[in-house]
Structure formats: structure tokens, C-alpha cells
Amino acid sequence: MQRREFMRNAALAGAGLLIAPSGLFGANAPSNKLNIALIGVGGRGRAHYDSIATENVAALCDVNEERLAIGVKRFPQAKTYSDWRKLLDDHKTLGLDAVVCCTPDHHHAFIANWCLNRNLHCYMEKPLAISVAEARTVRANWLTKKGKLATQVGMQRHALSNFNRVRELILDGAIGELKSASAWGNRQIRRDGYLPAQGEPPKTLNFDLWLGPSPVHAFNPEYVAGGCLKWNMFWDFGAGQIGDMGSHTMDLLWNAVDATLPTSAEAKGDKFNPDVTPVECESHFEHPANSWRGPLKTSWYQGGAMPKSPKEFIDLNKIDHGVLFKGSQGFLVASFDTHVVLPYGKEADMSYYKPRTKDKLLPPLGHFQQQWIDACKNPSLKTACDFEYSGNMIEQLLLGLVAYRAGKKLAYDGATGQVTNCPEANAFLGRKYRDGWALNG
Ligand SMILES: NC(=O)c1ccc[n+]([C@@H]2O[C@H](COP(=O)([O-])OP(=O)(O)OC[C@H]3O[C@@H](n4cnc5c(N)ncnc54)[C@H](O)[C@@H]3O)[C@@H](O)[C@H]2O)c1
């Protein structure tokens, strides 16, 4: 048995005795390398090549042979697959430890569950899921493996130092007691409906595997032409800007407020289109109090909907993706990489606030992908965006889409994952899958 396999088995058996990997063999010794598979090799997958190149890339999977070939050039030793189910079924033969997944979003919760069920560490590109029910299965599986495996969702902006600075300001009371927080994103990509049939898929593309668990749609080359902005607005393939920039921007908000699942959700936006998720939409949520703040209201605005600016001289539209925090003493406006504090009132002297000293600043996260790789080798290490944090966060945003479809304020029971005041809304919590694709396989 190889050393890493021994270590994982020991952890999974609850032995709780982990030897620091660098202690015996050196961090980069061959015996300490992970056997990694990359699923979804082109597009965003390429952004992961350098991070996984420090490990042993044992397998590559892509439905597009041309994109697979690019990965093979970089990792010639890897075994290749077109169907991720086959790859994951072969995990023992491959000696796999870990999986990085960069496929389109409608595969994410499936692959996350399949990895967890096979005791494989998993780095999943955002969003973790595209339905409330999917987010909940992944989180439930993860909670049985927490501390024994490593997970991370691709919200890499979390490593920007501004995330820590914003959190410190909120925790330390720079705007007094936190009351509400609103995140927004301004992308607007409009589509009328699923694309019309146009020709046959090229021989190098397995479009049926691309569709995967989602209902069959006619082939159109546009779907596969240029990355996630070509397909993520369709209900069967994504969750629109909620799954896209919503994941990144809500992370800036969630990181500062220590939220749990909301108890209510309410949303409005573009007229409902059964094919395409709304462009303009706003959703509003209520969260219970926690140990350091009272009850909290949060909102997500997209596609032109915006929170009201706290001051006429601040144009929030100049920030493409940002968060406005409101407290009892002022506002904090944040983009991904900077922020500004606006105290209220005539005095506005901020004498209520004592900034923390430099030695108390939250430590830098370091390299986001490396944090996960380190945790794969020592699962007692925490990752910033594990499947619990990210699962809760995306469940909230996806619940916003349920409220948008239901057209009324929903009362939500996070313990059972059910809408309690509008039974018909529960039909929107999940989605339909094709035969042969098991969400929790
Ligand atoms: N973290 C970030 O900042 C960031 C940035 C861009 C994209 N993303 C995410 O990365 C993912 C991929 O986005 P993209 O823009 O690269 O999309 P894409 O359409 O270019 O697809 C990526 C790759 O996956 C392959 N693929 C498609 N279906 C597959 C399947 N069933 N099995 C294996 N491979 C499959 C494609 O052929 C392609 O090579 C999305 O989930 C997106 O949200 C994250």
C-alpha cells in the first residue's frame, strides 16, 4: 500500500494520527504526490494545469478530443477518458486520490457526490450545484467525510487579502452592528431560448456526454464554442449569473457575515422563461442571528437590478461586482480587491471603532488551489471554500431562483430543505435527469 493511501485509510478509519507529510519524505518526494484526475481539460481546466503539475496527473477526461489532446501534451503519462463515470469507476485501478473538475455546471453536483462516495478529495469549479436539492446532497455527503477528505469550490478570489480586510472591519464594528448586506453583479447575457438545431456535432465531440444528466437538446455549435458564458444561462446547464459571478460575489459577502441558511426568500425579475434563467433579478433573504450579530437581511442583485447607493456621490454601478454592508453606524462598500467605509451622522468620528493591530490581522490564505492540495495530503487542514460553506452559500442563491419562480415570499426550513408556506414551490427545488445518470452514484 502506498504511503498516501495508508494515510487516507488511516484518516478514514478515524485513527486521527497523521504524520506531517513533509516530515518523512519531503513535500515533493514522489511518494508524497497525489494521483490526480482532471475532468474537463479545456477552458477553465487549463487554469489548473500548473497547480496539479506538482502532483502525478494520472487521468484526464474530456468529451472533446481536441481539448483532451491539449491536456495530453502537458500530461503525456495520463490515461484518457471521455466519460467521467468510467473514470471514477476506475479510481482503484488508477490509484486515484483526488479529482479536479472543470466541466459545465450541470455535471458538478454529480461528480462531487461520486468523488465523495469513493473517498476521493475533490476540487469543484463553481458553482457546486445548480439546484437546491443538488447542493443539499453534496453537503450531506461531505459532512460524513469532513476531516477525512479535502474539498474546495473554485471561488479563488477568496484568497485576495481584501476578503480578510472586509471581514475584520465588519467583525470589529467599523460600521457598528451589522444589519444587512447586498451583493450585486452587472453581467447581462440575453438569450431567447435553447439554440436551434444546427448541423451534426463534430466527430471529435461526444455531445451526448456533454449533455450528461440533462434532458436532450439539439446540437448547436454555439453551446460548445467559447466557455461557460455560452451555456450557463440555460436552466438545464447552469443557474445563470447566480452560479457564475454570484458564486464569487456572494463569497465576499458570506465570508464577512458568518451566515447560515436563510429562513425566507423572496425574488423578482425578468418575465419567466422556461428555457433561460433571468438576466435581471433581485432576491432577498432573512437569516437568523448568530453569536456576534443580530438577525441579518441579505440580497443578491443581478443584470441591472442594483441596491440603492448609500450616498449620492457613490455610484455603485461603477463597481461591476460588489457588496454593500449596512450597519448601525455606517456603510461599507467593497469590490473584490478594495473597500471604503462610510460612517453616518454629523460626527461620523468612528470613535466607536478600534482597528485591530497588525499582529491580529487574519493570516493570508496563500495560494487557493495549493490550500486544497495541502489539505488532500493532510485532511485535518481546513480549506476556505469547502463543500459545507460553499454548499450553504449556493443553496441560498439557488433558493432565490425558486422564490423567483414561485413569485411569492417563501418560508424556508433549512433543516429539512423544504418550503413550508407554498408547497408548489418545492417542485422547483430539484431538476429532472436522464436515465443512466445517478446524482448520488
Ligand atoms: N473559478 C473561476 O473563476 C472560473 C472561471 C471560468 C469558468 N469557471 C467554471 O469552470 C467550469 C468550466 O467552464 P469553461 O468556461 O471552461 O467551460 P467550457 O464549456 O469551455 O468547458 C470546459 C471543458 O469541459 C469539457 N467538458 C464538457 N462536458 C464535459 C463532460 N461531461 N466531461 C468532461 N469534460 C467535459 C469541455 O469540452 C471543455 O474542455 C464552469 O463550471 C465554470 O463555472 C470558473
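Select H287 and L296 to begin: H287 stands opposite L296, a residue of strand β10. The model on screen is predicted, and the tour works outward from this pair of residues.

**The strand pair**

Now select residues 281–287, strand β9, together with residues 296–302, strand β10. The two strands pair in the antiparallel sense, and seven bridges join them. Move to K297, which is the bridge partner in β10 of E286. K297 also has S180 standing opposite. Next, show β7 beside β10: these two strands run parallel and are joined by six bridges. Is β10 mostly covered or mostly uncovered? Mostly covered: six of the seven residues of β10 are buried.

**The whole sheet**

Widen the selection to the sheet. Nine strands make up this open sheet, with mixed pairing, and their order is β13-β12-β11-β7-β10-β9-β8-β14-β15. Which strands are at the edges? Select residues 339–343 for β13 and residues 418–419 for β15; each of these edge strands pairs on one side only.

**Helices on the sheet**

Add helix α11, residues 245–257. Helix α11 packs on the sheet and touches β7 (178–185), β10, β11 (321–327) and β12 (330–334). The direction of α11 makes about 165° with that of β7.

Then select residues 387–406, which form helix α13. Helix α13 lies across β8 (264–269), β9, β10 and β14 (410–413). The angle to look for is the one with β8, about 60°.

**Helix α4**

Go to residues 65–74, helix α4, and colour R67, L68 and G71, the buried residues of this helix. Turn the view until you look down the axis of α4: the buried residues fall within an arc of 100°, so they line one face of the helix. An α-helix has 3.6 residues a turn, so residues three or four places apart point the same way. On the face of α4 turned away from the buried side, select E66 and K73, which are exposed. What covers the buried residues of α4? The cover includes β1 (35–39), β2 (56–61) and β3 (79–81).

**D374**

Select residues 368–377, helix α12, and pick out D374 within this helix. D374 has 18 other C-beta atoms within 10 Å; a residue counts as buried at 20 or more and as exposed at 12 or fewer, so D374 is partly exposed. Now add P104 and draw a distance between the two C-alpha atoms: D374 and P104 are 26 Å apart in space and 270 residues apart in sequence.

**The whole chain**

Zoom out and show the C-alpha trace, which spans about 70 × 60 × 40 Å along its principal axes. The chain has 441 residues and a radius of gyration of 22 Å, which agrees with the value near 22 Å for a compact globule. Its secondary structure comes to 13 helices and 15 strands. Of the 441 residues, 46% count as buried. Among contacts with a separation of 6 or more, 67% are between residues 24 or more positions apart.

**Confidence**

Finally, colour by pLDDT. The chain averages 94, and 93% of the residues score at least 70. Select residues 12–25, where the pLDDT is below 50. In the model, this stretch has 17 contacts beyond near neighbours in sequence. Where pLDDT is low, the predicted coordinates should not be read in detail.

Definitions and conventions:
Residues numbered from 1 in each chain as written. Predicted model: local features only at pLDDT ≥ 70, side-chain atom pairs only at ≥ 80, totals over all residues. pLDDT = per-residue confidence, 0-100. Contact = placed C-beta atoms within 7 Å. Helix = DSSP H or I, 4+ residues; strand = E, 2+ residues; numbered from the N terminus. Rg over C-alpha atoms; globule rule 2.2 N^0.38 Å. Arc of directions from axis to C-beta. Pairing = 2+ DSSP bridges. Axes fitted to C-alpha atoms, helices over the stretch in contact; angles between N-to-C directions.
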